[in-house]
Amino acid sequence: MIPKIFLKKGREASLRRFHPWIFSGAVAKKEGSPTDGAVVDVYTSCGTYIASGHYQEGSITVRILTFEGPGLPNDFWITALRRAYTLRERLSLCYQSNPQTTTYRLVHGEGDHLPGLVLDYYQGVVVVQAHSAGMFLAHEQITEALQSLYGSALLAIYDKSATTAPHKANLPLGDVYLYKSDAFESAQPHHTVLENGLRFLPDWEQGQKTGLFLDQRENRELLGQMANGSRLLNLFCYSGGFSIAALKGGAALVHSVDSSQRAIDLLHKHIVLNGLSGDRHQSYTTDAFDFLKSSPKGAYDLIVLDPPAFAKHTDAKNTALQAYKRLNAVAFDRIAPGGVIFTFSCSQVVSSNDFALTIFSAAAISGRRVKILRRLTQAPDHPVNIYHPEGEYLKGLVLYVE
Ligand code: SAH
(Lines give C-alpha, C1' and ligand atoms only; values in the text may rest on other atoms or scores of the structure.)
Protein backbone atom coordinates (compact mmCIF):
# COMPACT_ATOMS: atom_id res chain seq x y z
CA MET A 1 0.00 0.00 0.00
CA ILE A 2 1.29 3.43 -0.91
CA PRO A 3 1.25 5.74 2.13
CA LYS A 4 -1.15 8.69 1.96
CA ILE A 5 -0.69 12.35 2.86
CA PHE A 6 -3.82 14.41 3.56
CA LEU A 7 -3.56 18.18 3.21
CA LYS A 8 -5.15 20.80 5.41
CA LYS A 9 -8.25 22.48 4.02
CA GLY A 10 -7.48 24.74 1.06
CA ARG A 11 -3.78 23.88 1.00
CA GLU A 12 -4.04 22.16 -2.39
CA ALA A 13 -4.24 25.53 -4.22
CA SER A 14 -0.54 25.71 -5.11
CA LEU A 15 -0.60 22.09 -6.28
CA ARG A 16 -3.49 22.87 -8.59
CA ARG A 17 -1.10 25.40 -10.13
CA PHE A 18 1.49 22.60 -10.47
CA HIS A 19 3.88 23.89 -7.81
CA PRO A 20 6.19 20.92 -7.19
CA TRP A 21 6.53 21.01 -3.37
CA ILE A 22 4.34 20.40 -0.33
CA PHE A 23 5.56 22.10 2.82
CA SER A 24 5.19 20.46 6.23
CA GLY A 25 2.76 23.16 7.39
CA ALA A 26 0.23 22.09 4.73
CA VAL A 27 0.01 18.49 5.94
CA ALA A 28 -3.00 17.52 8.12
CA LYS A 29 -2.28 13.80 8.57
CA LYS A 30 -0.30 10.88 7.23
CA GLU A 31 -1.49 7.31 6.75
CA GLY A 32 0.74 4.26 6.31
CA SER A 33 3.87 5.59 8.12
CA PRO A 34 5.88 6.87 5.14
CA THR A 35 9.67 6.72 5.46
CA ASP A 36 12.17 9.10 3.87
CA GLY A 37 12.30 8.60 0.11
CA ALA A 38 9.02 6.63 -0.14
CA VAL A 39 6.53 7.40 -2.90
CA VAL A 40 3.33 8.76 -1.36
CA ASP A 41 -0.08 9.75 -2.73
CA VAL A 42 -1.40 13.17 -1.76
CA TYR A 43 -5.09 13.88 -1.08
CA THR A 44 -7.02 17.07 -0.40
CA SER A 45 -8.86 17.48 2.92
CA CYS A 46 -11.99 16.17 1.13
CA GLY A 47 -10.18 12.99 0.14
CA THR A 48 -9.67 13.77 -3.57
CA TYR A 49 -6.41 12.46 -5.05
CA ILE A 50 -4.23 15.31 -6.30
CA ALA A 51 -0.60 14.16 -6.83
CA SER A 52 2.15 11.63 -6.00
CA GLY A 53 5.71 12.27 -5.03
CA HIS A 54 8.71 11.55 -2.81
CA TYR A 55 8.19 11.87 0.90
CA GLN A 56 10.88 13.31 3.18
CA GLU A 57 10.82 14.58 6.78
CA GLY A 58 11.67 18.29 6.75
CA SER A 59 10.23 21.57 5.61
CA ILE A 60 9.56 20.21 2.10
CA THR A 61 7.56 17.11 2.97
CA VAL A 62 6.65 15.95 -0.55
CA ARG A 63 8.39 16.61 -3.87
CA ILE A 64 5.80 16.05 -6.58
CA LEU A 65 6.58 13.64 -9.42
CA THR A 66 3.19 13.29 -11.09
CA PHE A 67 -0.35 14.61 -11.00
CA GLU A 68 -1.55 11.53 -12.89
CA GLY A 69 -1.45 8.81 -10.20
CA PRO A 70 -2.26 7.39 -7.74
CA GLY A 71 1.22 5.90 -7.57
CA LEU A 72 3.81 6.07 -10.34
CA PRO A 73 3.10 4.24 -13.59
CA ASN A 74 5.59 1.47 -14.53
CA ASP A 75 7.01 3.56 -17.35
CA PHE A 76 7.32 6.71 -15.19
CA TRP A 77 11.13 7.02 -15.31
CA ILE A 78 11.69 6.32 -18.98
CA THR A 79 8.83 8.64 -19.93
CA ALA A 80 10.26 11.41 -17.74
CA LEU A 81 13.77 11.02 -19.19
CA ARG A 82 12.46 10.89 -22.78
CA ARG A 83 10.57 14.12 -22.15
CA ALA A 84 13.76 15.73 -20.82
CA TYR A 85 15.77 14.43 -23.78
CA THR A 86 13.21 15.78 -26.26
CA LEU A 87 13.76 19.27 -24.86
CA ARG A 88 17.58 18.97 -25.25
CA GLU A 89 17.04 17.81 -28.84
CA ARG A 90 14.85 20.86 -29.39
CA LEU A 91 17.76 22.98 -28.10
CA SER A 92 20.08 21.32 -30.65
CA LEU A 93 22.27 20.02 -27.86
CA CYS A 94 22.23 16.37 -28.83
CA TYR A 95 25.04 14.98 -30.91
CA GLN A 96 23.22 14.47 -34.20
CA SER A 97 22.43 18.17 -34.46
CA ASN A 98 25.44 19.65 -32.70
CA PRO A 99 28.81 17.92 -32.93
CA GLN A 100 30.41 21.03 -31.37
CA THR A 101 28.79 20.43 -27.98
CA THR A 102 28.76 16.91 -26.56
CA THR A 103 27.71 17.71 -23.01
CA TYR A 104 24.46 19.03 -21.55
CA ARG A 105 22.26 18.83 -18.49
CA LEU A 106 19.68 16.14 -19.20
CA VAL A 107 17.60 16.67 -16.05
CA HIS A 108 17.43 19.87 -14.03
CA GLY A 109 15.29 19.03 -11.00
CA GLU A 110 12.04 20.95 -10.79
CA GLY A 111 12.65 22.41 -14.26
CA ASP A 112 12.17 18.90 -15.66
CA HIS A 113 9.42 17.93 -13.19
CA LEU A 114 11.86 15.67 -11.34
CA PRO A 115 12.49 17.59 -8.09
CA GLY A 116 15.70 16.59 -6.36
CA LEU A 117 17.37 15.07 -9.43
CA VAL A 118 20.23 16.37 -11.56
CA LEU A 119 21.57 14.37 -14.51
CA ASP A 120 24.52 15.75 -16.46
CA TYR A 121 25.49 14.08 -19.74
CA TYR A 122 29.19 14.05 -20.61
CA GLN A 123 29.51 12.45 -24.05
CA GLY A 124 28.24 9.00 -23.05
CA VAL A 125 28.84 9.30 -19.31
CA VAL A 126 25.91 10.40 -17.14
CA VAL A 127 26.55 11.84 -13.68
CA VAL A 128 23.63 11.53 -11.27
CA GLN A 129 23.25 13.92 -8.40
CA ALA A 130 20.40 13.29 -5.95
CA HIS A 131 19.34 16.15 -3.69
CA SER A 132 16.50 14.21 -2.04
CA ALA A 133 16.23 10.83 -0.34
CA GLY A 134 13.65 9.71 -2.90
CA MET A 135 15.92 10.38 -5.87
CA PHE A 136 18.81 8.73 -4.08
CA LEU A 137 16.77 5.58 -3.49
CA ALA A 138 15.51 5.59 -7.10
CA HIS A 139 18.97 4.99 -8.54
CA GLU A 140 18.06 1.56 -9.96
CA GLN A 141 15.05 2.89 -11.85
CA ILE A 142 17.08 5.88 -13.07
CA THR A 143 19.90 3.57 -14.23
CA GLU A 144 17.46 1.36 -16.16
CA ALA A 145 15.80 4.37 -17.76
CA LEU A 146 19.17 5.83 -18.83
CA GLN A 147 20.18 2.49 -20.35
CA SER A 148 16.95 2.39 -22.26
CA LEU A 149 17.26 6.03 -23.38
CA TYR A 150 20.84 5.95 -24.65
CA GLY A 151 21.27 2.24 -25.51
CA SER A 152 24.80 1.29 -26.56
CA ALA A 153 25.87 4.97 -26.57
CA LEU A 154 25.82 4.89 -22.75
CA LEU A 155 29.36 4.44 -21.46
CA ALA A 156 28.92 4.83 -17.70
CA ILE A 157 26.69 6.20 -14.95
CA TYR A 158 28.35 7.76 -11.93
CA ASP A 159 26.43 8.62 -8.76
CA LYS A 160 27.83 11.83 -7.26
CA SER A 161 25.39 12.10 -4.36
CA ALA A 162 27.54 11.50 -1.28
CA THR A 163 27.57 15.17 -0.38
CA THR A 164 24.16 16.19 -1.77
CA ALA A 165 21.76 13.46 -0.62
CA PRO A 166 20.20 14.13 2.78
CA HIS A 167 20.75 11.86 5.79
CA LYS A 168 23.63 10.40 3.89
CA ALA A 169 24.75 8.30 6.85
CA ASN A 170 21.65 6.12 6.48
CA LEU A 171 21.70 5.87 2.70
CA PRO A 172 23.61 3.02 1.12
CA LEU A 173 25.36 4.64 -1.85
CA GLY A 174 27.11 7.74 -3.13
CA ASP A 175 30.14 8.56 -5.28
CA VAL A 176 30.17 5.20 -7.04
CA TYR A 177 29.69 3.90 -10.57
CA LEU A 178 26.17 2.58 -11.06
CA TYR A 179 27.09 1.23 -14.49
CA LYS A 180 30.21 0.82 -16.64
CA SER A 181 30.17 -0.49 -20.20
CA ASP A 182 33.02 -2.64 -21.52
CA ALA A 183 33.95 0.24 -23.82
CA PHE A 184 34.30 2.56 -20.83
CA GLU A 185 36.43 0.06 -18.89
CA SER A 186 38.88 -0.29 -21.76
CA ALA A 187 38.85 3.40 -22.80
CA GLN A 188 41.46 6.06 -22.08
CA PRO A 189 41.47 7.27 -18.47
CA HIS A 190 40.79 10.82 -19.64
CA HIS A 191 37.26 11.29 -20.91
CA THR A 192 36.91 14.60 -22.76
CA VAL A 193 33.84 16.49 -23.97
CA LEU A 194 33.24 19.43 -26.30
CA GLU A 195 31.55 22.70 -25.39
CA ASN A 196 31.14 25.04 -28.36
CA GLY A 197 34.06 23.28 -30.01
CA LEU A 198 36.34 23.62 -26.96
CA ARG A 199 37.60 20.50 -25.21
CA PHE A 200 37.18 19.91 -21.47
CA LEU A 201 37.83 17.15 -18.93
CA PRO A 202 34.81 16.67 -16.69
CA ASP A 203 36.29 15.41 -13.43
CA TRP A 204 33.16 13.86 -11.92
CA GLU A 205 35.06 11.80 -9.37
CA GLN A 206 37.17 14.53 -7.75
CA GLY A 207 35.90 17.80 -9.26
CA GLN A 208 33.21 20.16 -8.04
CA LYS A 209 29.48 19.59 -8.65
CA THR A 210 29.19 16.93 -11.36
CA GLY A 211 32.52 17.86 -12.99
CA LEU A 212 31.84 20.99 -15.04
CA PHE A 213 29.57 24.01 -14.63
CA LEU A 214 27.43 23.50 -17.72
CA ASP A 215 25.09 26.37 -16.82
CA GLN A 216 27.63 28.97 -18.04
CA ARG A 217 27.97 27.53 -21.60
CA GLU A 218 26.34 30.44 -23.43
CA ASN A 219 27.89 33.07 -21.17
CA ARG A 220 31.37 31.69 -21.83
CA GLU A 221 30.68 31.84 -25.55
CA LEU A 222 29.61 35.47 -25.22
CA LEU A 223 32.78 36.33 -23.30
CA GLY A 224 34.85 34.61 -26.00
CA GLN A 225 33.23 36.87 -28.59
CA MET A 226 34.20 39.98 -26.62
CA ALA A 227 37.73 38.88 -25.71
CA ASN A 228 39.80 39.74 -28.75
CA GLY A 229 42.83 41.81 -27.73
CA SER A 230 41.58 42.14 -24.13
CA ARG A 231 43.28 41.54 -20.80
CA LEU A 232 40.96 39.27 -18.76
CA LEU A 233 40.87 38.62 -15.05
CA ASN A 234 38.81 35.45 -14.42
CA LEU A 235 38.03 35.22 -10.72
CA PHE A 236 36.64 31.98 -9.21
CA CYS A 237 37.70 30.32 -12.45
CA TYR A 238 37.31 26.61 -11.46
CA SER A 239 38.65 24.60 -14.42
CA GLY A 240 38.83 27.71 -16.58
CA GLY A 241 35.80 27.59 -18.87
CA PHE A 242 35.77 31.39 -19.26
CA SER A 243 39.58 31.55 -19.57
CA ILE A 244 39.68 28.97 -22.38
CA ALA A 245 36.85 30.71 -24.26
CA ALA A 246 38.72 34.05 -23.95
CA LEU A 247 42.07 32.61 -25.05
CA LYS A 248 40.36 31.02 -28.05
CA GLY A 249 38.68 34.36 -28.74
CA GLY A 250 42.04 36.09 -28.97
CA ALA A 251 42.52 37.59 -25.50
CA ALA A 252 45.90 39.28 -25.17
CA LEU A 253 46.34 38.11 -21.57
CA VAL A 254 44.32 35.97 -19.15
CA HIS A 255 44.81 35.76 -15.40
CA SER A 256 42.80 32.95 -13.75
CA VAL A 257 42.27 32.78 -9.98
CA ASP A 258 40.80 29.99 -7.84
CA SER A 259 41.47 28.84 -4.30
CA SER A 260 41.47 25.19 -5.39
CA GLN A 261 44.76 23.79 -6.70
CA ARG A 262 42.89 20.85 -8.23
CA ALA A 263 40.80 23.30 -10.28
CA ILE A 264 43.91 25.13 -11.48
CA ASP A 265 45.55 21.82 -12.44
CA LEU A 266 42.52 21.00 -14.58
CA LEU A 267 42.68 24.43 -16.17
CA HIS A 268 46.30 23.81 -17.23
CA LYS A 269 45.22 20.54 -18.84
CA HIS A 270 42.45 22.40 -20.68
CA ILE A 271 44.94 24.86 -22.15
CA VAL A 272 47.00 21.99 -23.57
CA LEU A 273 43.94 20.02 -24.73
CA ASN A 274 42.77 23.01 -26.76
CA GLY A 275 46.13 23.58 -28.37
CA LEU A 276 46.40 27.03 -26.80
CA SER A 277 49.69 28.57 -25.88
CA GLY A 278 50.28 29.13 -22.16
CA ASP A 279 52.22 32.36 -22.94
CA ARG A 280 49.13 34.50 -22.69
CA HIS A 281 47.92 32.83 -19.51
CA GLN A 282 48.85 32.98 -15.85
CA SER A 283 47.08 31.16 -13.00
CA TYR A 284 46.98 31.93 -9.29
CA THR A 285 45.87 29.54 -6.55
CA THR A 286 44.72 32.05 -4.00
CA ASP A 287 41.76 33.92 -2.56
CA ALA A 288 39.98 35.80 -5.36
CA PHE A 289 38.98 38.76 -3.25
CA ASP A 290 42.54 39.32 -1.96
CA PHE A 291 43.89 38.98 -5.49
CA LEU A 292 41.46 41.57 -6.82
CA LYS A 293 42.20 44.01 -3.98
CA SER A 294 45.93 43.81 -4.61
CA SER A 295 45.65 44.21 -8.40
CA PRO A 296 46.57 47.62 -9.82
CA LYS A 297 43.94 49.92 -11.27
CA GLY A 298 43.43 49.61 -15.02
CA ALA A 299 45.29 46.29 -15.40
CA TYR A 300 42.30 44.49 -16.93
CA ASP A 301 39.66 45.40 -19.46
CA LEU A 302 37.52 42.30 -18.86
CA ILE A 303 36.71 40.86 -15.43
CA VAL A 304 34.62 37.76 -14.70
CA LEU A 305 33.22 37.37 -11.18
CA ASP A 306 31.59 33.96 -10.77
CA PRO A 307 31.77 33.17 -7.04
CA PRO A 308 30.21 30.12 -5.39
CA ALA A 309 26.74 30.60 -3.83
CA PHE A 310 27.41 33.07 -1.02
CA ALA A 311 23.97 32.31 0.48
CA LYS A 312 22.57 28.80 0.65
CA HIS A 313 19.68 29.76 2.97
CA THR A 314 17.42 32.78 3.33
CA ASP A 315 18.94 33.66 6.74
CA ALA A 316 22.31 34.19 5.05
CA LYS A 317 20.91 36.40 2.30
CA ASN A 318 21.87 39.80 3.68
CA THR A 319 25.41 38.74 4.49
CA ALA A 320 25.66 37.35 0.96
CA LEU A 321 24.42 40.59 -0.59
CA GLN A 322 27.07 42.50 1.37
CA ALA A 323 29.74 40.13 0.07
CA TYR A 324 28.57 40.60 -3.55
CA LYS A 325 28.61 44.36 -3.01
CA ARG A 326 32.18 44.44 -1.63
CA LEU A 327 33.52 42.18 -4.37
CA ASN A 328 31.87 44.08 -7.19
CA ALA A 329 32.80 47.49 -5.78
CA VAL A 330 36.49 46.56 -5.96
CA ALA A 331 36.05 45.25 -9.51
CA PHE A 332 34.43 48.54 -10.56
CA ASP A 333 37.32 50.40 -8.98
CA ARG A 334 40.02 48.35 -10.72
CA ILE A 335 38.71 47.81 -14.24
CA ALA A 336 40.24 49.91 -17.03
CA PRO A 337 38.11 52.67 -18.60
CA GLY A 338 35.95 51.13 -21.34
CA GLY A 339 36.18 47.74 -19.64
CA VAL A 340 33.46 45.11 -19.28
CA ILE A 341 32.53 43.11 -16.18
CA PHE A 342 30.66 39.81 -16.29
CA THR A 343 29.26 39.46 -12.77
CA PHE A 344 27.21 36.50 -11.49
CA SER A 345 25.32 35.19 -8.50
CA CYS A 346 24.30 31.52 -8.34
CA SER A 347 22.61 31.82 -4.93
CA GLN A 348 19.04 30.61 -5.31
CA VAL A 349 17.81 32.79 -2.44
CA VAL A 350 19.12 35.98 -4.10
CA SER A 351 16.55 37.19 -6.66
CA SER A 352 17.60 38.91 -9.85
CA ASN A 353 16.17 42.13 -8.47
CA ASP A 354 18.20 41.80 -5.21
CA PHE A 355 21.28 41.12 -7.26
CA ALA A 356 20.78 44.07 -9.63
CA LEU A 357 20.22 46.44 -6.68
CA THR A 358 23.38 45.17 -5.00
CA ILE A 359 25.45 45.69 -8.12
CA PHE A 360 23.87 49.13 -8.46
CA SER A 361 25.10 49.99 -4.91
CA ALA A 362 28.57 48.66 -5.72
CA ALA A 363 28.72 50.82 -8.84
CA ALA A 364 27.60 53.88 -6.86
CA ILE A 365 30.38 53.32 -4.29
CA SER A 366 32.97 53.26 -7.06
CA GLY A 367 31.72 56.50 -8.60
CA ARG A 368 32.17 55.08 -12.12
CA ARG A 369 29.66 55.41 -14.95
CA VAL A 370 28.23 51.95 -15.55
CA LYS A 371 25.86 50.65 -18.22
CA ILE A 372 24.04 47.31 -18.32
CA LEU A 373 24.74 45.65 -21.66
CA ARG A 374 23.06 42.32 -21.04
CA ARG A 375 21.24 40.33 -18.39
CA LEU A 376 22.34 36.71 -18.32
CA THR A 377 20.99 33.53 -16.84
CA GLN A 378 21.60 29.79 -16.85
CA ALA A 379 21.75 27.90 -20.18
CA PRO A 380 18.35 26.59 -21.37
CA ASP A 381 19.20 22.96 -20.59
CA HIS A 382 18.70 24.21 -16.99
CA PRO A 383 15.04 25.16 -17.58
CA VAL A 384 12.83 26.91 -15.06
CA ASN A 385 9.42 25.43 -14.30
CA ILE A 386 7.15 28.46 -14.67
CA TYR A 387 5.27 27.39 -11.52
CA HIS A 388 8.55 27.25 -9.60
CA PRO A 389 10.34 30.55 -10.33
CA GLU A 390 12.86 29.78 -7.55
CA GLY A 391 14.50 27.53 -10.14
CA GLU A 392 16.03 30.56 -11.87
CA TYR A 393 19.18 30.53 -9.76
CA LEU A 394 21.89 31.96 -12.02
CA LYS A 395 21.82 35.72 -12.45
CA GLY A 396 24.39 37.61 -14.44
CA LEU A 397 24.99 41.16 -15.65
CA VAL A 398 27.35 42.31 -18.37
CA LEU A 399 28.40 45.83 -17.46
CA TYR A 400 30.27 48.47 -19.41
CA VAL A 401 32.38 50.72 -17.19
CA GLU A 402 33.40 54.07 -18.67
N1 SAH B 1 33.41 30.07 -13.43
C2 SAH B 1 33.59 28.64 -13.21
C3 SAH B 1 32.74 28.11 -12.07
C4 SAH B 1 33.02 28.77 -10.74
S5 SAH B 1 32.49 27.84 -9.37
C6 SAH B 1 33.30 27.92 -14.52
O7 SAH B 1 32.91 28.55 -15.49
O8 SAH B 1 33.51 26.69 -14.57
C9 SAH B 1 33.19 28.72 -8.04
C10 SAH B 1 34.68 28.51 -7.85
O11 SAH B 1 35.09 29.40 -6.82
C12 SAH B 1 35.12 27.13 -7.40
O13 SAH B 1 36.04 26.62 -8.32
C14 SAH B 1 35.80 27.34 -6.03
O15 SAH B 1 36.97 26.56 -5.86
C16 SAH B 1 36.17 28.79 -6.11
N17 SAH B 1 36.30 29.53 -4.85
C18 SAH B 1 35.50 29.48 -3.76
N19 SAH B 1 35.88 30.40 -2.86
C20 SAH B 1 36.96 31.04 -3.38
C21 SAH B 1 37.79 32.11 -2.94
N22 SAH B 1 37.56 32.70 -1.78
N23 SAH B 1 38.77 32.53 -3.75
C24 SAH B 1 38.99 31.94 -4.94
N25 SAH B 1 38.23 30.93 -5.41
C26 SAH B 1 37.23 30.49 -4.65
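Colleague: How many residues of domain 1 are in contact with residues of domain 3?

Modeller: This is a predicted model. With contact taken as heavy atoms within 4.5 Å, five residues of domain 1 meet four residues of domain 3.

Colleague: Where do these domains lie along the chain?

Modeller: Domain 1 covers 4-66 and domain 3 covers 213-401, with domain 2 assigned to 76-190. Over C-alpha atoms, the centres of domain 1 and domain 3 are 40 Å apart.

Colleague: What area is buried between domain 1 and domain 3?

Modeller: Such an area is summed over both parts. Here the figure is about 400 Å², and carbon and sulfur atoms give 59% of that. On the domain 1 side, 68% of the area buried against domain 3 is supplied by Phe-18, His-19 and Trp-21, more than any other three residues.

Colleague: Which classes of residue does domain 1 present there?

Modeller: The side of domain 1 touching domain 3 consists of three nonpolar residues, one polar and one charged.

Colleague: How many salt bridges and polar contacts are there between domain 1 and domain 3?

Modeller: The salt-bridge count between the two domains is zero. One residue pair is in polar contact, with both residues at pLDDT 80 or more.

Colleague: Turning to the ligand, which residues are closest?

Modeller: A residue enters the shell if one of its heavy atoms lies within 4 Å. The ligand has 15 residues around it, with Arg-220, Asp-258, Asp-287, Ala-288 and Asp-306 the closest. By class, the shell holds seven nonpolar, four polar and four charged residues.

Colleague: Which side chains approach an oxygen atom of the ligand, and at what separation?

Modeller: Among them is Arg-220, with a side-chain N or O atom 2.6 Å from a ligand oxygen. For Asp-258, a polar side-chain atom is 2.7 Å from a ligand oxygen, and for Gln-208 a side-chain N or O atom is at 3.0 Å from one.

Colleague: How much of the ligand does the protein bury?

Modeller: The ligand exposes 590 Å² when taken alone, and the protein buries 87% of that.

Conventions:
Residues numbered from 1 in each chain as written. Predicted model: local features only at pLDDT ≥ 70, side-chain atom pairs only at ≥ 80, totals over all residues. Heavy atoms only, no water. Domains from an automatic or database assignment. Buried area = accessible area lost by both parts, 1.4 Å probe. Salt bridge = Lys/Arg side-chain N within 4 Å of Asp/Glu carboxyl O. Polar contact = N/O pair within 3.5 Å; in protein donor to acceptor, adjacent residues only side chain to side chain. Nonpolar A, V, L, I, M, F, W, Y, C, P; charged D, E, K, R; others polar. Areas by Shrake-Rupley, 256 points an atom, 1.4 Å probe, with all protein chains shown as cover.
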